[in-house]
Amino acid sequence: MEKIKVGITIGDVNGIGPEVIIKTLENPKILEMCTPVIYASAKVLSYHRNVAKSDSFNFKSITDASKLYNERINLVNCWNDSVMINLGKITEEGGKYAHIALDRAVQDLKKNQIDALVTGPINKKAMNMVGFPFKGHTDYLADQFGNPDHAMILANDDLRVAVLTHHIPIRDVANKVKKQRILNILQVLNDSMKQDFD
């Protein structure tokens with residue numbers, strides 16, 4: 001049986017996402033479960049590998065997700081620009097490259113070149129600097145896949161939680177809690193429990 005191909009976006013190049021990706025993929029058991037496909041640039045990922053002091057993290061750089069290597073960590077090189085990395089800082093570049101990686105991964109997901117998508121953390125202010133018109137990944141993905149009735153679902157082995165509101169100030173929550181919204185989210189959760197969680 002072919003392993004699932006999991007796309008992983010880099011997130012903000014100034015944030016913790018690259019380090020989390022590197023440290024997670026250092027575990028050799030990951031390659032037993034799936035074929036990881038990171039969406040970033042070789043230069044940025046190599047920089048973060050040095051910062052993380054990782055000797056065991058290696059990847060195979062490719063230009064297209066249709067040319068994946070099994071039993072390897074793949075990196076779809078989304079850009080060749082030299083990027084100024086400012087760890088812990090909010091920058092336009094951080095938003096620009098997070099957006100490029102996300103767009104590229106979503107296009108590959110739509111073409112069935114990857115089977116699932118894991119998104120590295122983005123900084124909403126940095127994304128706004130480059131005109132990203134969404135509150136976060138969930139709204140962006142709903143727009144890309146034409147799904148106005150969507151929910152952010154948090155899950156572990158024993159619990160599934162659909163979030164009624166997300167990415168809004170607490171003072172605005174009361175305005176969002178409407179009967180129809182609650183019913184829509186419950187329907188999405190119910191459908192997901194059947195389809196995604198058997």
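Colleague: Why does the span of helix 8 agree with its 17 residues?

Modeller: Helix 8 (residues 179–195) should cover 24 Å at 1.5 Å a residue, and its end C-alpha atoms are 24 Å apart, so the two agree. The expected span is 1.5 Å times one less than the number of residues. Helices here are DSSP runs of H or I with at least four residues, strands are runs of E with at least two, and both are numbered from the N terminus. Mind you, this is a predicted model: local features need pLDDT of at least 70, side-chain atom pairs count only at pLDDT 80 or more, and totals for chains, interfaces and linings use all residues. Residues are numbered from 1 along each chain as its sequence is written, and side-chain values use heavy atoms, leaving out hydrogens and water.

Colleague: Which residues of helix 8 are called buried?

Modeller: Ile185, Val188, Leu189 and Ser192. Buried means under 20% relative accessible area, exposed over 50%, partly exposed in between (1.4 Å probe, protein chains only).

Colleague: What makes them line one face of the helix?

Modeller: Looking down the axis of helix 8, the buried residues fall within an arc of 95°, so they line one face. The arc is that of the directions from the helix axis to the C-beta atoms. On the other side, Lys179 and Lys194 are exposed.

Colleague: What do the buried residues of helix 8 pack against?

Modeller: Strand 6 (152–155) and strand 7 (160–163); contact means heavy atoms within 4.5 Å.

Colleague: And how many helices and strands are in the chain?

Modeller: The chain has 8 helices and 7 strands, and buried residues make up 39% of its 198 residues.
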